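Let's take a walk through this protein, starting with one residue and working outwards. Keep the 3D view open as you read.

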Amino acid sequence: MATTTNNHLKRPEPQALASTLQALAARFGNRLITSQAVRDQHAHTTTWLPPQPPDAVVMAQETADIQDAVRICARHRVPVIAFGTGTSLEGHVNAPAGGITIDLRDMNRVLEVHADDLDCVIEPGVTRKALNEHLRDQGLFFPIDPGADASLGGMASTRASGTNAVRYGTMRDNVLALKVVRGDGAIITTGTRAKKSSAGYDLTHLFIGAEGTLGIICELTIKLRGIPETIAAAACSFETVRGACQATILAIQTGIPVARIELLNAEQVKACNAYSKLSLPETPLLLLEFHGSENEVAEQSKNFGEIAKECGGGEFSWTTRPEDRTRLWQARHDAYWAVKALRPGVGVVATDVCVPISRLADCVTETEEDLKRLNLLSPIVGHVGDGNFHCSLACDVDDADEMGRGEEFMHRLVERAQSMGGTCTGEHGVGQGKQKYLKAELGPEALEAMRALKQALDPQNIFNPGKIVPAA
């Protein structure tokens, strides 16, 4: 598979790296780890990009640790890569020029919860599930759910979203302020707890989605929501993908506040049935969730059921039983593993694109036709409410012909999305894997602006080099 691995990047001089490791060892002791096994764990990818491990890993426990590690690395121009839980998908945590990975998993404290203001302040290593468990007794939750139990710092860095985005937005919409360690070890504060501000440049959103290339997030202030009184999950099968997409468009146009609305094509339903022991009809399927009072949820479900029927939907069933809801959504979150189970032993690469929802049916249908023509297996799931969908392509990495067809498919998928007014990635990010598509999507002028920002904020190019912006 053709990849972007940034082999042009220059590694630090051996003496510079040795001096860096010596200084880090003096500062961190046994929290500086150089074993091959741990280094490899901090370079794993879930794509076909080859892992590129760092030279060492620092286990940070507080902001001062990040600051000191960055200062030591900057002194010798050694790269620094932030690491949360390692669930990113496009080579974000690879170290193509070597360097030091700063592992933030131990920075996992919830610092402040302001229940009346619906916000909280956290460290970057706090995971989504841990935060919601902490908030549960106060009747609050954080709604962004990318599926994996990712760290909130990593989710901000990749501008994550997920199944709830249709109602609650993405990380971009749910972060009020950040504290970021810059290249000299000083801290940038990007905002306050106020719900809005027009004070200066919007630095908060500059760092959200920057994938650790401009600095390292050491603190986040995020929005919270009240746990709904009633939550209902629903499933509805359709004869065609187009019918499912049309039902979604009509639901949004008529103002039904759907919390989640996910599309599974027939191949993905088949995989989920086998893996999660379900018995869903193996045709295109919508999984939905409604939030609100008991009466509101009942009304929303009834209204959507009528729309689904008009668009060729079958029996519309919904439930408020927590165990039934959990089973349904766990099957959705296990979609990747369900695909792996279809072809045990082969590699599976997950990729995503996003298009305007009016073009989603066209994009998915043409993608399915491509898969048939190329004789490839890649079930599809999509956040149909915002036009974002994912392909889990299963390929035998030892079969050159199949890998070649896989490469052709992935390239055509991105070009198709871009030709429909969409993007090469809705939520996975650019990392190394999708750099080659940015010029066609945004134009050379936008890339030059990104390079200028990178040069201004990271003049030594030590923060996660080789990611997002391709070399000039």
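**Starting on a helix**

Find glutamine 22: this residue sits in helix α1, which covers residues 14-28. Helices here are DSSP runs of H or I with at least four residues, strands are runs of E with at least two, and both are numbered from the N terminus. Before going on, know that you're looking at a predicted model, where local features need pLDDT of at least 70 and side-chain atom pairs count only at pLDDT 80 or more, while totals for chains, interfaces and linings use all residues. Residues are numbered from 1 along each chain as its sequence is written, and side-chain values use heavy atoms, with hydrogens and water left out.

Is glutamine 22 buried or exposed? Its relative accessible area is 60%, so glutamine 22 is exposed. (Buried means under 20% relative accessible area, exposed over 50%, and partly exposed in between, using a 1.4 Å probe and protein chains only.) Gln22 has company: Pro14, Gln15 and Ala26 are also exposed on the face of α1 turned away from its buried side.

Now flip to that buried side, made up of Ala16, Leu17, Thr20, Leu24 and Phe28. Looking down the axis of α1, these buried residues fall within an arc of 95°, so they line one face of the helix. The arc is taken from the directions running from the helix axis to the C-beta atoms. And what do the buried residues of α1 pack against? They pack against β1, β2, α3 and β4, with contact meaning heavy atoms within 4.5 Å. Just after α1 comes glycine 29, with a positive phi near 60°.

**On to the sheet**

Four strands make an open sheet with mixed pairing, in the order β1-β2-β4-β3. Its edge strands, each pairing on one side only, are β1 (32-33) and β3 (80-83). Two strands pair if DSSP finds at least two bridges between them. β3 and β4 (residues 100-103) run parallel and are joined by four bridges; there, alanine 82 stands opposite isoleucine 102 in β4.

**Into the cores**

A nonpolar core is a set of buried Ala, Val, Leu, Ile, Met, Phe, Trp, Tyr and Cys residues joined through side-chain atoms within 4.5 Å. The largest one has 52 residues, and Phe304 is among those with the most contacts inside it. Leaving aside neighbours within four places in sequence, phenylalanine 304 touches residues including Leu286, Leu288 and Phe290. A second, separate core has 26 residues, among them Leu140 and Val175.
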